[in-house]
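Hi,

Here is the structure I said I would pass on. Have a look at it first, and then read my notes underneath.

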Amino acid sequence: MMVPDLAEGRRPYRATQPAAAEVNAKLSVQNLDAWYGATHVVKKVSMAIPARQITAVIGPSGCGKSTFVRCLNRMHECIPGARMDGRVLLDGVDIYAGDIDPVLVRRRVGMVFQKPNPFPMMSIRDNVLAGLTLTGVRPRGGEADALVERALRGAALWDEVKDSLGKRGVSLSGGQQQRLCIARALAVEPEVLLMDEPCSALDPIATTRIEDLMHSLRETYTIVIVTHNMQQAARVSQKTAFFYTGDLIEFSDTDTIFTSPRNKRTEDYITGKFG
Amino acid sequence: MAGLDPGQAKPPSRALERAFAGLCLAAALLPLLLLFVLLADVVYDGLSRLDWAFLTSYPSRRPERAGVLAGLVGSFYLVGLTALIALPLGVGAAVYLEEYGGRGRLAQIIEVNISNLAGVPSIIYGLLGLELFARTLAMGRSLLAGALMMALLVMPIVILSTREALRTVPLGMREAGLALGATRWQVTRRIVLPMSLPGILTGAILAIARAIGEAAPLIVLGALTYVDFLPDGLRSAFTVLPIQIFNWIGRPQAGFKLNAAAGIVLLLLMLLLFNGLAIYLRNYFQRRTR
Amino acid sequence: MGGETTGRGRLDVADMRRRVGAHARERVIELLLTACGVVSIVTTVAILGVLVFETASFFAEVSLAEFLLDTRWTPLFVDKHFGIWPLVAGTVLTSAIAIGVALPFGLLAAIYLSEFATPRARSLLKPALEVLAGVPTIVYGYFALVVLTPLLQRFIPDLAGFNALSPGIIMGIMIMPMICSLSEDAIFAVPESMREGAYALGAGKLQTVFRVVLPTAFSGIAASVILAISRAVGETMIVAIAAGQQPNLTANPRESVETMTTYMVQIGLGDTPTGTIEYKTLFVVGASLFVMTFAINLLSQRLSRRFREGR
C-alpha cells in the first residue's frame with residue numbers, strides 16, 4: 001500500500017513549453033504506459049484532454065480505461081505492484097516530475113469512484129469537509145458552513161439534505177451517496193474531476209441526476225468520465241476516447257466517434273458487435 | 001474415488017451413520033464436560049478460602065495466613081506495563097505491514113519472522129528475558145524486564161489481530177481519502193484506525209489477557225516466588241498470580257492446595273473480566289457505528 | 001475555507017512541489033512504523049543470538065558426543081552427566097500421550113462440526129471449545145496433579161504421584177481445540193462438489209466422509225496435528241507441576257519423568273549463578289527445544305502449503 005517514489009517517474013522538474021496543438025489542453029498525456037506487475041494494461045497512450053469539457057473514456061472491461069484515469073491523479077501507484085512510464089502534464093507541468101508531491105496533485109485532480117464510498121463514521125457535513133479535516137485544516141464555523149453549502153449545491157444535493165446535515169452519510173440512498181462523494185471532491189476545489197464509472201452502481205433515475213449534474217459542473221471543471229455505457233458517453237461528453245486492450249484506438253469529438261468512427265474496431269464496439 | 005465403485009459399495013446404513021454422528025458429538029462434548037467438572041471442583045474449593053484477608057495478605061509459611069496480595073498487584077502492574085509496550089509496537093508494526101509495507105522485501109522478512117515467533121514456546125522468551133534484559137541490559141529480575149519480555153511474547157498476537165482488524169476496512173475508504181489529497185498517514189490516522197478501532201481493541205485485550213496466565217517465561221526470567229512487598233517501581237522485584245499459585249501447588253500441605261484453588265479462582269475472574277471487557281467494547285462500538 | 005485552498009490562481013509550479021516539512025513528517029512516521037515491524041526481526045535475532053552464544057559456551061565445556069550419547073542427565077549432582085535423552089524422552093512421552101488424547105477427540109469433533117452440526121450447534125460449540133484453549137496452563141497443571149492423578153491412582157495402583165500419564169491427558173484436552181479448529185478448516189475447504197460426486201455414486205454419509213472428505217483433507221489435518229505436537233512439546237506448566245523432576249529415560253507413563261521445559265523451570269526456580277555450567281544447561285536445553293519446535297513448525301507449514309496448493 002506504499003506510495004513508492006517511482007524510479008521511472010522521477011525526473012528533474014523542467015517547465016515544458018506546451019506544443020501548439022495542446023494550447024487548450026488541461027491535461028496532456030504523453031506516451032503513457034502502465035503495468036500491474038508484469039501485465040501491461042495501458043500502452044503508449046497520448047492524448048490531450050481539453051479544459052472545461054467532458055471527456056468520456058469507453059471500451060470493453062479490462063481495456064485499461066480505469067487504469068488510464070487513475071494515472072491522471074497518481075492513484076495508480078497506490079496499488080502494490082503498479083508501475084507507470086510516460087508523462088502527464090497538468091497545465092504544462094509534469095505531475096510525475098521528481099519534485100512533485102502526488103498528494104498535492106490529487107487536490108487539483110479530484111476523483112469519484114465506481115461504488116459510492118462516503119466515510120461511514122462521518123455525518124453528511126463531515127463527509128463534505130473530509131478533504132480539509134483529513135489534511136489537518138480546520139475551517140472556522142461560518143466558513144465551513146458556507147463551504148458545505150457551496151459543495152452540496154454544486155453536487156445538486158443541498159435541497160435534499162440541508163435539514164439533515166448531521167445524519168450519517170451512509171444513511172443516504174445510493175444516488176445521494178454518490179452525489180455526496182462528488183460534493184466531497186468539489187469541496188477541495190479541484191480543477192479536474194475524474195469519474196470512474198460513477199453510475200454503474202446506481203439506478204436509472206439516480207443516473208440521470210448525476211448526468212444532469214455533470215452538465216452543470218462542466219462550466220467550472222474539466223471532467224474525465226470512464227463508462228462502460230456508450231449511451232451515457234454519447235449523452236454527456238464532448239470528446240470520447242475508445243480504449244481496447246490497453247491501446248487508445250480512437251480519440252475525437254463524441255459526435256464523430258458515434259456517427260463516423262474512423263477505426264473498424266471502434267465501429268464494431270459502438271454498434272455492439274463485441275463488448 | 002475408486003473405492004466408490006457402485007458394484008462393491010454397501011448400502012449406506014442409517015443406524016451406523018447415527019451412531020457415528022453421536023460419537024463425534026460425544027468427542028466434542030466430553031472434554032467440555034470434563035473441564036466444567038474440573039472448574040466446578042476448583043471453584044468450590046477456592047471459594048471456601050476466598051476472603052478479604054486472603055486478598056490483602058502476603059505469603060506466609062502457614063497456609064491459613066497466606067494471601068495473594070503481592071501476586072495480584074504484581075500481575076496488574078505487569079499486564080499494564082506489558083500493554084503499554086506491546087500495543088503501540090504491535091499496532092505500529094501491523095499498520096506498517098498492512099498500510100505501508102506492500103510487497104516490499106523488508107515487509108516479507110518481517111511477516112516470516114512474526115509467523116515464526118508465534119510458534120516459539122513461551123518459555124524460550126524467558127531465556128531471552130534472562131540473558132538480554134536481566135543480564136546484558138542490567139535490568140535485573142525486575143518488573144521492567146518482565147514487562148519487556150512479555151511484550152515481545154504477545155506482540156505477534158497483537159500484530160496478527162490488528163492486521164485482521166485493519167483488513168476489515170474496505171480499500172475504497174483508503175482510496176477515497178487519498179483521492180482527496182490526504183497523505184498515507186492522514187488516511188491511516190483519521191480513517192483506517194478509527195474504523196478498525198473496535199477490532200484492534202478487542203484483539204489487543206485478548207492478547208494481553210494471555211499474558212495474565214503466563215508463568216513459565218517469568219519463572220525462567222527469575223521472578224520471585226516468595227514476595228512480601230509490593231513493587232515500588234520499574235526496577236522492583238515482583239511476583240505474579242500464576243507463580244504464586246504454582247508455588248502453592250508445589251507445597252505438600254493440603255492447606256496450600258486450597259490456597260492454590262482460591263488463587264486459580266481469582267486468576268479465572270481476571271481473565272473473565274478481560275474477556276468481558278473485550279466483548280463489551282466490541283458491542284459498544286458496534287452500536288455506535290450503526 | 002482554510003488557508004491552504006483559498007486564493008489560488010492558475011496552477012504554478014510551486015503549487016504541487018513537495019513541501020519539505022510535510023514530506024519529512026510523513027517519512028519520520030513511516031520510519032517509526034517500520035521500526036515497530038523491525039522489532040520482530042530484532043527479537044528473532046536476539047533469541048537466536050542468546051541461544052547460540054550460551055550453547056557454544058556450554059559445548060566448550062561439554063563435548064557434543066557426551067550430550068548426544070550419554071543416557072543420564074544430572075547437571076545438578078556432584079557426579080555430572082549431560083546426556084539430553086532423558087529430558088527428550090520425558091518430552092516425547094508426555095507429548096505422545098497428549099496427542100493420543102487430542103487427535104481422536106479433536107478430529108471427531110471437527111467432523112461433527114463440519115459434517116453433522118446444525119448452524120446453531122456450531123455457533124455454540126465453537127466458542128465453547130475455544131474456552132478450553134484459553135484456560136491458563138497453570139490451572140490445567142493443578143487439575144492434573146490435584147484431581148486427575150489421585151483419580152487415576154484408584155484404577156492404576158502403581159501410578160506414581162508424579163507421572164507422565166496424568167499431565168499428558170490434561171495436555172491433550174488443552175490442545176484438542178487446536179486440532180479441532182484447524183482440522184475443521186481443512187475439512188471445510190474440501191469442495192462441496194467432491195461430496196456431491198460421492199453422493200451421486202450412491203455413497204452414504206459415512207463412506208463420503210471416510211473415503212472422500214478425510215483423504216482429501218489429509219495433509220491439512222496432518223498439518224494441524226503436527227502444529228499441536230509443537231504446542232505440546234513447548235508446553236511447560238502442566239508437566240512442571242504434575243510430571244515430576246526426575247530425568248528418566250523411560251517409556252512408562254506411570255513413572256515420573258522430567259521434560260525439557262520442566263528442567264528449565266527447575267533451573268529458573270533455583271538461584272543459579274550466571275556463568276556456571278548449570279546456567280549454561282538452561283540455554284542448551286532451551287536451544288534443543290527451540291530446534292525441535294522450529295523443525296516441527298516448518299514441517300506443519302510445508303504440509304499446510306501442500307494442502308492449499310493441492311486442493
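Below is what I found, starting with confidence and then going through a few spots chain by chain.

**How far to trust it**

Keep in mind that this is a predicted model. The overall scores are ipTM 0.89 and pTM 0.87. Chain A averages a pLDDT of 88, with 91% of its residues scoring at least 70. The weak part to watch there is residues 1–22 of chain A, where the pLDDT is below 50. That stretch still has 54 contacts in the model beyond near neighbours in sequence, and I'm leaving its details alone.

Chain B also comes with an average pLDDT of 88, and 94% of its residues score at least 70. Within chain B, confidence is highest in helix α6 (residues 143–167), at a mean of 95, and lowest in helix α2 (residues 52–56), at 86.

For chain C the mean pLDDT is 89, and 95% of the residues reach 70 or more. Residues 1–14 of chain C have a pLDDT below 50; beyond near neighbours in sequence, this stretch makes 28 contacts in the model.

**The sheet in chain A**

Chain A has an open sheet of six strands, and the pairing is mixed. Reading across, the order is β6-β7-β8-β3-β9-β10. Which strands sit at the edges? They are β6(A) (109–112) and β10(A) (247–253), each of which pairs on one side only. Ignoring direction, neighbouring strands in this sheet are turned by 15° against each other on average.

At the β6(A) end there is a helix to look at. Helix α6 of chain A (residues 174–187) lies across β6(A) and β7(A) (192–196), and α6(A) runs at about 170° to β6(A).

At the other edge, β9(A) (residues 239–244) and β10(A) run antiparallel and are joined by six bridges. If you want to check the register on screen, A:Lys239 stands opposite A:Asp253, and A:Ala241 stands opposite A:Phe251. The two strands form a hairpin with two residues between them. In that turn, A:Thr245 has a positive phi of about 45°.

**Two more positive phi values in chain A**

Most residues other than glycine have a negative phi, so the exceptions are easy to pick out. One of them is A:Asp91, with phi near 50°. A:Asp91 lies in the loop between β4(A) (82–90) and β5(A) (93–94), and at 19% relative accessibility it counts as buried, the cut-off being under 20%.

Another is A:Ala156, where phi is near 55°. A:Ala156 lies in the loop between α4(A) (141–154) and α5(A) (158–161). Is it buried, exposed or partly exposed? With a relative accessible area of 33%, A:Ala156 is partly exposed.

**Cysteines**

How many disulfides are there? A search of the whole structure, over all chains, finds zero. Take A:Cys63: the closest cysteine sulfur is that of A:Cys71, 13 Å away, so it is too far for a bond. A:Cys63 is also buried, at 1% relative accessibility. A:Cys78 is in no disulfide either; the nearest cysteine sulfur to A:Cys78 again belongs to A:Cys71, at 11 Å. A:Cys78 counts as buried too, with 4% relative accessibility.

**Two helices in chain C**

Helix α9 of chain C (residues 218–234) has 17 residues, which at 1.5 Å a residue should span 24 Å. The end C-alpha atoms of α9(C) are 25 Å apart, which agrees. Of those 17 residues, 13 are buried, so α9(C) is largely enclosed by the rest of the structure.

The other helix is α12(C) (residues 277–310), where you will find C:Gly286. C:Gly286 is buried, with a relative accessible area of 0%. What is C:Gly286 in contact with, leaving aside its neighbours within four places in sequence? The contacts are B:Ile124 and B:Leu127 from chain B, together with C:Leu51 and C:Met264 from chain C. By comparison, C:Val131 is 155 residues from C:Gly286 in sequence, and their C-alpha atoms are 29 Å apart in space.

Send me a note if you would like to go through any of this together.

Cheers

Terms used. Residues are numbered from 1 along each chain as its sequence is written. Chains are lettered from A and ligands numbered from 1 in the order in which they are written. This is a predicted model: local features need pLDDT of at least 70, side-chain atom pairs count only at pLDDT 80 or more; totals for chains, interfaces and linings use all residues. Side-chain values use heavy atoms; hydrogens and water are left out. A disulfide is a pair of cysteine sulfur atoms within 2.5 Å. Buried means under 20% relative accessible area, exposed over 50%, partly exposed in between (1.4 Å probe, protein chains only). Helices (H or I, at least four residues) and strands (E, at least two) are DSSP runs, numbered from the N terminus. The expected span of a helix is 1.5 Å times one less than its number of residues. Two strands pair if DSSP finds at least two bridges between them. Axes are lines fitted to C-alpha atoms, for helices over the stretch in contact, and angles run from 0 to 180 degrees between N-to-C directions. Contact means heavy atoms within 4.5 Å. pLDDT is the predictor's confidence in each residue, from 0 to 100.
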